[in-house]
Amino acid sequence: MDLRGKSAVVTGGGNGIGRALCLAFAERGVNVAVADIEADAARSVAEEAASHGVQSRGLAVDVTDEASVAALAEASWSAFGSVEILVSNAGVMHAPSPLHECNAADFDWVFAVNVRGAMNGIRAFVPRFVAAGRPSRVVNTASEHALGVPHIGGGVYTASKHALLGLSDVLRRELPGHVKVSVLCPGIVDSTLWRAGARRQAEYGGPTAAPEAGGAFMRQVGMPAAEVAAKAVEGIGNGDFYIVTHPHAVDIAQRRWGEVERAFAQQAPRREGDERYDLEPVLGGSLRSPAPQSPAPPKEASP
Ligand SMILES: NC(=O)c1ccc[n+]([C@@H]2O[C@H](COP(=O)([O-])OP(=O)(O)OC[C@H]3O[C@@H](n4cnc5c(N)ncnc54)[C@H](O)[C@@H]3O)[C@@H](O)[C@H]2O)c1
């Protein structure tokens, strides 16, 4: 899909990866609605985007609230006439702690923003994309943790990112061919995620302190958000399902697959008659992954 002249809505667009995505879209001639629970940040990113000569809006949204996301869709269509790209990118991370010490409010908050937020986006935007019949994109920001990179102390966050991968994988098989789905799976990125607790809504326990050391760590080891955004925008244009950014994560993803494969070899190896339980002939081709959009590139030399 040629991105120029299209319009995108990016939730969590006020900071970090979302901000970088908004600016990368604007640089490529895409109009952007920058949507965030931090309304001032959204407006300021919208102003930056406008300096690239595109139309932009900074809009307040709470992605956990279905009515707020529906209003975002309405405001975006009335601003731009049409919308072709939704990036459900708003996300939060709970304070690091082992799972048995996480409380119900941690769980509810992280799932409300990270998973329910994307679901609210699907409900508000996808019917319009389907009805419009034009090439369009739904992008969910997951994480390398959805691919098997362990996040000790981030168990609830990790579970939410697996949920997003599952949601996206089913969604892509349910939609007509003109609506492509992508799942963005970055490793660590320099962003403001370390102070996510400061934005925690009252119904999920209210704001929590964010130790500055978290910010220093992310700045030290995180990939620049602009680098992630450049890869993401390319993948979105191509209609790629998996959009990955941190090369080392492939080894961890392969280790996970290797463990699954060994479990099958030991516990459930293929045997005569086993196809009796195979649902593929019953459900048809929907169990197969759609053909990849981008051809596999040649292996790159390290930069
Ligand atoms: N930074 C990383 O290392 C990393 C790695 C992989 C994936 N991610 C994911 O990338 C996405 C963007 O995060 P980031 O790292 O740029 O962090 P960030 O904190 O800089 O940006 C997240 C944005 O989401 C907004 N937000 C939070 N709750 C919201 C709500 N209820 N409604 C609307 N907006 C809300 C915040 O105000 C913020 O602007 C998240 O989904 C995150 O889980 C981050």
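Val10 stands opposite Val34 in strand 2 of this predicted model. The pairing behind that match joins strand 1 (residues 7-11) to strand 2 (residues 31-36). The two run parallel and share five bridges.

Strand 2 also pairs with strand 3, again in the parallel sense. Five bridges link them. Here Asp36 stands opposite Ala60 in strand 3.

| Strand pair | Sense | Bridges | Facing residues |
|---|---|---|---|
| Strand 1 and strand 2 | parallel | five bridges | Val10 and Val34 |
| Strand 2 and strand 3 | parallel | five bridges | Asp36 and Ala60 |

Strands of a sheet pair through backbone hydrogen bonds, either parallel or antiparallel. In this model the sheet is open and has seven strands, with parallel pairing. The strand order is 3-2-1-4-5-6-9. Strand 3 (56-60) and strand 9 (242-244) form the edges, each pairing on one side only. From one strand to the next, the twist averages 15 degrees. Helix 5 (residues 155-174) packs on the sheet. Helix 5 touches strand 5 (136-141) and strand 6 (179-185). The direction of helix 5 makes about 160 degrees with that of strand 6.

Is the edge strand 3 largely enclosed or largely open? Four of its five residues are buried, so strand 3 is largely enclosed by the rest of the structure. Pairing on one side only therefore does not leave strand 3 uncovered here.

Next, the ligand site. A shell of 31 residues surrounds the ligand. The closest are Gly12, Gly16, Ala90, Gly91 and Ser191. Helix 1 (residues 16-27) gives the largest share of the shell, three residues. By class, the shell holds 13 nonpolar, 14 polar and four charged residues.

Finally, the chain as a whole. The protein chain contains nine helices and nine strands. Its radius of gyration is 20 Å. A compact globule of 303 residues would have a value near 19 Å, so the two agree. The C-alpha atoms fill a box of roughly 65 × 45 × 45 Å along the principal axes. Of the 303 residues, 43% count as buried. Among contacts with a separation of 6 or more, 71% join residues 24 or more positions apart.

Conventions. Residues are numbered from 1 along each chain as its sequence is written. This is a predicted model: local features need pLDDT of at least 70, side-chain atom pairs count only at pLDDT 80 or more; totals for chains, interfaces and linings use all residues. The radius of gyration is taken over C-alpha atoms; the globule rule is 2.2 Å times the number of residues to the power 0.38. A residue is buried if 20 or more other C-beta atoms lie within 10 Å of its own, exposed if 12 or fewer, and partly exposed in between; C-beta atoms are placed from the backbone. Two residues are in contact if their C-beta atoms, placed from the backbone, lie within 7 Å. A residue is near a molecule or strand if its C-beta atom, placed from the backbone, lies within 6 Å of it. Ala, Val, Leu, Ile, Met, Phe, Trp, Tyr, Cys and Pro count as nonpolar, Asp, Glu, Lys and Arg as charged, and the others, Gly among them, as polar. Two strands pair if DSSP finds at least two bridges between them. Axes are lines fitted to C-alpha atoms, for helices over the stretch in contact, and angles run from 0 to 180 degrees between N-to-C directions.
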